[in-house]
Protein chains: 2
Amino acid sequence: IRDELLTHFKSYGMPAEAFNWYARNLDHNVPGGKLNRGISVVDTAEILKGQALTDEEYFRAAVLGWGVELLQAFFLVTDDLMDSSITRRGQPCWYRVPKVGLIAVNDATMLESAIYHLLKVYFRKELYYVDLLELFHSVAYQTEIGQLLDLITAPPNEVDLDKFSLKRHSLIVVYKTAFYSFYLPVALAMRLCGVPDSYVLASSSESVAPYELAKEILIPLGEYFQVQDDFLDFSGTPAQIGKVGTDIVDNKCSWCINTALARASPEQRKILDENYGVEPTPEEQELAKKVSDGKSGEEQGYLGEAEKRVKAVFEEIGLRRIYAEYEEAVYKKISALIDNVDEGGARGQEVVLKKEIFRTFMDKIYRRQK
Amino acid sequence: IRDELLTHFKSYGMPAEAFNWYARNLDHNVPGGKLNRGISVVDTAEILKGQALTDEEYFRAAVLGWGVELLQAFFLVTDDLMDSSITRRGQPCWYRVPKVGLIAVNDATMLESAIYHLLKVYFRKELYYVDLLELFHSVAYQTEIGQLLDLITAPPNEVDLDKFSLKRHSLIVVYKTAFYSFYLPVALAMRLCGVPDSYVLASSSESVAPYELAKEILIPLGEYFQVQDDFLDFSGTPAQIGKVGTDIVDNKCSWCINTALARASPEQRKILDENYGVEPTPEEQELAKKVSDGKSGEEQGYLGEAEKRVKAVFEEIGLRRIYAEYEEAVYKKISALIDNVDEGGARGQEVVLKKEIFRTFMDKIYRRQK
Ligand SMILES: [Mg+2]
Ligand SMILES: [Mg+2]
Ligand SMILES: [Mg+2]
Ligand SMILES: [Mg+2]
Ligand SMILES: [Mg+2]
Ligand SMILES: [Mg+2]
């Protein structure tokens, strides 16, 4: 697939420097993640079909999976630039690679355009081609809207906790993460397998709008996933989550701070206002580096005073208990939604939604520790 | 159309700050240009149809025209950021507006996504909907490829004239400008008017591929337009072109420098190497500002010494004469291509290409002084 993109690029008569640049852009930014989102397309297609995919089917599902990964790469490259992030997936962020800089902006848009080139090459003749295009368009737009909301709610270097709320957190997470990470891979697989916009069940004669139904389950699931991510950023040790949590120092509009704000006493609120999004002093950073170099990562590393004070308030408020309660409640809620999916079979020959699609996602997520 | 975008945005339950931000993004970046590209869609549709458009037809052509303007806005916002430009269309570049900064990256991508939202709302039921989508996709990709080529050929703050050549200039211009400015508006109007992918002429029984034919004329026309733009940046006075030319100081891979490089003696080449892309000294900048404030703009303003030396080489080489010869030759060549367009009518009922489409473009461009 990488080669299809590069061969096409060469066919435009592009010189070697440009070709090599694009190859480096793709190699640096697209692989290297966990590929969860891309693999979900293949897994979901297999469940919908109810048997192993043929080589041809597997290939098509994989192309769509890479489309999701390209979309994610487009967002990560621009997000890291806007957030002034340092590393991503264990290597420097693309904009920080020598000679790249702001060219990363154009490189990111090329990753997005590559999606539509691939769709044209491999799906042009399919009846569902236009549905695939619309899915990528609308999910990209929704993600950009979520990103905007995040950027104006928690601007870099401007802490204002008044802008935060659990409602705002939910809106950001749904738009910025849940649509592209959860709904998009499943909806793509549904199109690939020919799931129609609506079908009537043989069992109950009820009419089902399967894409709406999938969205109603996957969006809350995506929100739950991000709440976990936020909680693990606070509670996880480096050995456990593979990185040092930075949400507090980075002024992130995370589930933790929003939950704390909703329950804080005036005194606690004052501590949060004064210490959230505050960089550690240079001496503290020095010390943190020393401590982390000499440790196994089993415990939290050395933290700056400001971050410690925020974490102390989180503990006082009982964030661990609140999270455990949240997790059980949301698990029950989403499980009920999944149980409600009627697999009674369509009256026609249509492929219908299956509980297993959503169960698989849930099993990967529930009570995860990393 | 602006309201359609904003109403849809609101329908996602977005808070007022986000809504207002998006409205400001649209208002700052989309209108305010000459709208040449957008208007071309309407004009071309009128010529193809051979009569005035109905209100309904006019509206649809205008939506496509705004699509082209949105695409251009997407490119200008990111281009200005990558080029560290100061002003655009008489106002500060979007990334320089207070509080915007790098959020401009996400804002630019929202302008692009808005295109696909509009196309879905107004064209979803048309048979040519997918053709419109593919046109925008492929032209956006081509423009990004041209931008990449430009960025690696003339990186900001790194002058290396060895990378330049007239061939490289042509490749950059074709991809970065000609596709979206010339081919896109015409091809959109052709789709709108139902011009098919191919038709057979009643007169000659010849088979025509009208989109290929349009491209063969419009791409050279777009290249000619950009060569003019480059030449006027060198030769035009501020009163004439409405701005102070900065291509020399900005290390632009322009037609002028590439033509000069192709003909320079070793001594002239040395002068170009040493003075191209060199910023004026602070004292020179100070002086230039004073001079321009006291002048009517009838003459060239005060230039830095480095820029003067480059311009002197351009004059020595006879750039004005070379340009005049180029212009006559390219005019003849493109006019011959236009004359060759066969309007003999299609055998079926199809709408066919007309010379007048291309003549109209040519008449607007030929020997323009601004
Ligand atoms: Mg980030
Ligand atoms: Mg971010
Ligand atoms: Mg996180
Ligand atoms: Mg520029
Ligand atoms: Mg530029
Ligand atoms: Mg110019």
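How much area do chain B and chain A bury between them? The points below start there. This is a predicted model.

1. **The interface.** Chain B and chain A bury about 4500 Å² between them. Of that area, 68% lies on carbon and sulfur atoms. The contact draws on 50 residues from chain B and 50 residues from chain A.

2. **Charged and polar pairs.** Across the interface of chain B and chain A there are 8 salt bridges. A:K120 makes a salt bridge with B:E134. In that pair, the closest N and O atoms are 3.8 Å apart. Polar contact across the interface of chain B and chain A involves 13 residue pairs, with both residues at pLDDT 80 or more.

3. **Helices on the chain B side.** Several helices of chain B each supply at least two residues of the side that touches chain A. They are α1 (2-11), α2 (16-29), α4 (55-83), α5 (103-123), α6 (129-153) and α7 (166-192). Which helix gives the most to this side? It is α6(B), with 16 residues.

4. **The metal site in chain A.** A:D79 and A:D83 coordinate the magnesium ion (ligand 1) through OD atoms. The distances are 2.0 to 2.1 Å. A second magnesium ion (ligand 2) sits 3.3 Å from the magnesium ion (ligand 1). A:D79 coordinates both ions.

5. **How the two aspartates are placed.** Look at helix α4 (residues 55-83) of chain A. A:D79 and A:D83 are 4 residues apart in this helix, so about one helical turn separates them. Are these residues buried or exposed? A:D79 has 11% relative accessibility, which is under the 20% cut-off, so A:D79 counts as buried. A:D83 has 30% relative accessibility and counts as partly exposed.

6. **Cysteines.** How many disulfides are there over all chains? The count is 0. A disulfide is a covalent bond between the sulfur atoms of two cysteines. Take B:C256 as a case: the closest cysteine sulfur is in B:C253. That sulfur is 11 Å from the sulfur of B:C256, so the two are too far apart for a bond. The cut-off for a disulfide is 2.5 Å. B:C256 is also buried, at 2% relative accessibility. B:C93 is buried too, with a relative accessible area of 1%.

7. **Where to look.** For the metal site, start at A:D79, which coordinates both magnesium ions. For the interface, start at α6(B), with its 16 residues on the side of chain B that touches chain A. Then find the salt bridge between A:K120 and B:E134.

Technical notes. Residues are numbered from 1 along each chain as its sequence is written. Chains are lettered from A and ligands numbered from 1 in the order in which they are written. This is a predicted model: local features need pLDDT of at least 70, side-chain atom pairs count only at pLDDT 80 or more; totals for chains, interfaces and linings use all residues. Side-chain values use heavy atoms; hydrogens and water are left out. Donors are N, O and S atoms within 2.8 Å of the metal (3.2 Å for Na, K and Ca); water is not among the atoms, so sites may look incomplete. Buried means under 20% relative accessible area, exposed over 50%, partly exposed in between (1.4 Å probe, protein chains only). Contact means heavy atoms within 4.5 Å. Buried area is the accessible area (1.4 Å probe) that two parts lose on being put together, summed over both. A salt bridge is a side-chain nitrogen of Lys or Arg within 4 Å of a carboxyl oxygen of Asp or Glu. A polar contact is a pair of N or O atoms within 3.5 Å; within protein, one must be able to donate a hydrogen and the other to accept it, and residues adjacent in sequence count only if both atoms are side-chain atoms.
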